[in-house]
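User: Please go through the ligand site and one sheet of this model with me, question by question.

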Amino acid sequence: MIKINEDFLELQDSYLFSTIAKKVNEYTKNNLDKKIIKLGIGDVTRPIVPACLDAMHKAVDEMGTSKGFKGYGPEQGYEFLRNAIVEDYKKIGVTLENDEIFISDGAKCDCGNIVDIFAKDNKVAITDPVYPVYLDTNVMSGRSGKFNKEKGQYENIVYLAVNEENNFKPELPKEKVDMIYLCFPNNPTGTVLSKEDLKVWIDYAKENNSIILYDSAYEAFITEENVPHSIFEIEGAKDVAIEFRSFSKTAGFTGVRCAYVVIPKTVNGYSKNGEIVSLNKLWNRRTCTKFNGVSYIVQRAAEATFTEEGQKQIKENIAYYMENAKIIKKGLEEAGYKVFGGVNSPYVWLKVPKNLTSWEFFDKLLEEVNVVGTPGSGFGPSGEGYFRLTAFGTKENTIQAIERIKNWNI
Ligand code: MLT
C-alpha cells in the first residue's frame, strides 16, 4: 500500500490564489456580460521590455547554431548572470561573490524549496498576515504541528502579528525561534522596515543562532530614501540571512520565470552535534541534485535587465505600476477608506468597512462592482478585516476599478 506524506493533510483549504481564481471563474461563467477587473494576484500586465526581448531573440538564434548551442548549463546559473547580479548589489554597497548567488525559476520556488536544508524540529516564525508559501511549505515539511481552528493558527508556528497597532512592524518573538521569514517591502501589507528595524532582527538572529529568510522580491518598488533594498545593507546580515529576489515583478518575468537566492558563505547552520555546516554548501548540493538550471535563453534575458537600456526600461515599468498604486491609494482615501502601503510597494492594504469580514468584502466587491482583490484573512488570522489590491493592472483598468469603488454604495 502506498502511503502518503501525511504532513500534506495538515494544509488548510487550497492555495489562496487558486481559491480566488475558482470563485472568479464561477462568477464569470454566470455573468458573461460583466467586465471584471482583476486586482487580485500580483501578476504583471506590462509586456517584457525590449532589452530583454532582444537578448532572448539573440539567444534563441545562438541555440540554433552548432557553435552557440548550449545543453545543460551550470545548475547554479551562468557566470554572466551571477556576475551581473554581483555588480548590481555593488550599487547599494553590498559585496558578494558570484558563488553566493543561485539562479532559479522563481522566488516562490526558492522560498518553498529552502525548507529542504533545515531540520524538522526548527521553530518557525512568520509575520501574520504573510505570503502563504512560507507557511504552507513548512506545513508540508512537517514543522507546523496541528492546526487550531479556533485560533486559525498552527500550534508549532510562531505568528508575529503586523497591524495598525504596531505600525506593521513585527515585534521580536517571546520564545526562541530558529527560522524567521521576513518580506519587505511586505507582501501583502505593502509596508516597509527601516535599517534600524532590520538591525534588531539581525541582532536577535545572532544571539539565538537563528536564520532570517528575507524575501526582497519587491525591493525595486521602493521610492523613499532610507528604506533598505537588501538585508545585506545592514551590518552583520551576511552571518545570519538568506535573501530571495526575483525578475518577475520588475522585468515582467512572471511567465518567463527567473529569480535568485543569495546565500553568503558566512551563513551557517548546525548539526545535531553542534557542528558548523555551511548553508551555501548544502543549498549547492541540493540544487545540483534536484535542478538542472534555468534555460540559457531566459538567463540571457535576465542579464539584459542590468544593462543601461534594460534598467531604463524597467524603471519605466515600475513607475507605471507605482502610478497605479498612487491612483488606488488616493482614490480609496477619497472614498473614505483607511489605506496602508502603496508608497514603496505595488500592494495597497485597506481596512474593510462596515465590520465586514475580508471574504464578505471580497464577495460584495466582485458581485456589486466586478472588481477582484485578495481577502486579508487569506494571508493569516491577523489579516481579517483587511483587503489587498495590486497595482499590477493596466492603468485604464485601475482607474476604472477605483471609479467603480468610489461610486459604490456599499
Ligand atoms: C501575490 O499576489 O501575492 C504574488 O503574485 C504571488 C507570487 O508572487 O507568487
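User: From which domains does the shell around the ligand draw at least three residues each?
Analyst: This is a predicted model, in which local features need pLDDT of at least 70 and side-chain atom pairs count only at pLDDT 80 or more, while totals for chains, interfaces and linings use all residues. Residues are numbered from 1 along each chain as its sequence is written, and side-chain values use heavy atoms, leaving out hydrogens and water. The shell, taken as residues with a heavy atom within 4 Å of the ligand, includes F17, K108 and R388. With bounds from an automatic or database domain assignment, at least three residues come from each of domain 1 (6-47 + 309-406) and domain 2 (52-307).

User: Which residue offers a polar backbone atom to a ligand oxygen, and at what distance?
Analyst: Polar contacts here are pairs of N or O atoms within 3.5 Å. The side chain of Y131 places a polar atom 2.6 Å from a ligand oxygen, and an N or O atom in the side chain of K249 lies 2.9 Å from an oxygen of the ligand. The backbone contact is made by G42, at 2.6 Å.

User: Which strands stand at the edges of the open sheet of seven strands?
Analyst: Strands are DSSP runs of E with at least two residues, numbered from the N terminus, and two of them pair if DSSP finds at least two bridges between them. The order is β2-β10-β9-β8-β7-β3-β6, with mixed pairing. Because each has a single partner strand, one side is left without a neighbour in the sheet for both β2 (101-104) and β6 (157-161).

Technical notes:
A polar contact is a pair of N or O atoms within 3.5 Å; within protein, one must be able to donate a hydrogen and the other to accept it, and residues adjacent in sequence count only if both atoms are side-chain atoms. Helices (H or I, at least four residues) and strands (E, at least two) are DSSP runs, numbered from the N terminus.
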